[in-house]
Amino acid sequence: MMGGLLSGYISGILSGELFLPVGLGTLIGFTLGFLAGQPVGLLAILSGSVSGITSGIIGALLGAILQFDNAM
């Protein structure tokens, strides 16, 4: 979950758009969630994948919205 959130957040800060950070965050979050749940079983794989997808989207939104260049 933290991998998707962090990758979406960093790519959202670096890019002013939303398409690339959302795609990158969900892809990395899904992959890390899938790999983390692999040794445990099917339910852990599904839970990790879904949480990775949602955390990637949330991280990209946070990164795009919280721009520190012009706060006002």
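In this predicted model, Ser49 turns out to be a buried residue, with a relative accessible area of just 6%. That figure counts as buried because the cut-off is under 20% relative accessible area. As for its place in the fold, Ser49 belongs to helix α3, the stretch covering residues 42–65.

What does Ser49 touch, leaving aside residues up to four places away in sequence? The answer is Phe30, Gly33 and Phe34. Ser49 also has a polar partner: its side chain reaches the backbone oxygen of Ile45, at 2.8 Å. So the picture around Ser49 combines burial at 6% relative accessible area with contacts to Phe30, Gly33 and Phe34 and a side-chain link to the backbone oxygen of Ile45.

Stepping back to the chain as a whole, the secondary structure amounts to three helices, with zero strands. Following the sequence along, the pattern reads α-α-α. Laid out along the principal axes, the C-alpha atoms fill a box of roughly 45 × 15 × 10 Å.

Ser49 is buried, and what share of the chain's residues is buried? Of the 72 residues in the chain, 31% are buried. On the outside, the chain exposes about 4700 Å², and 79% of that area is supplied by carbon and sulfur atoms.

Contacts within the chain can also be sorted by how far apart the partners sit in sequence. Taking contacts between residues at least 6 apart in sequence, 62% join residues at least 24 apart.

Notes
Residues are numbered from 1 along each chain as its sequence is written. This is a predicted model: local features need pLDDT of at least 70, side-chain atom pairs count only at pLDDT 80 or more; totals for chains, interfaces and linings use all residues. Side-chain values use heavy atoms; hydrogens and water are left out. Helices (H or I, at least four residues) and strands (E, at least two) are DSSP runs, numbered from the N terminus. Buried means under 20% relative accessible area, exposed over 50%, partly exposed in between (1.4 Å probe, protein chains only). Contact means heavy atoms within 4.5 Å. Accessible areas come from the Shrake-Rupley method with a 1.4 Å probe; for residues, only the protein chains shown count as cover. A polar contact is a pair of N or O atoms within 3.5 Å; within protein, one must be able to donate a hydrogen and the other to accept it, and residues adjacent in sequence count only if both atoms are side-chain atoms.
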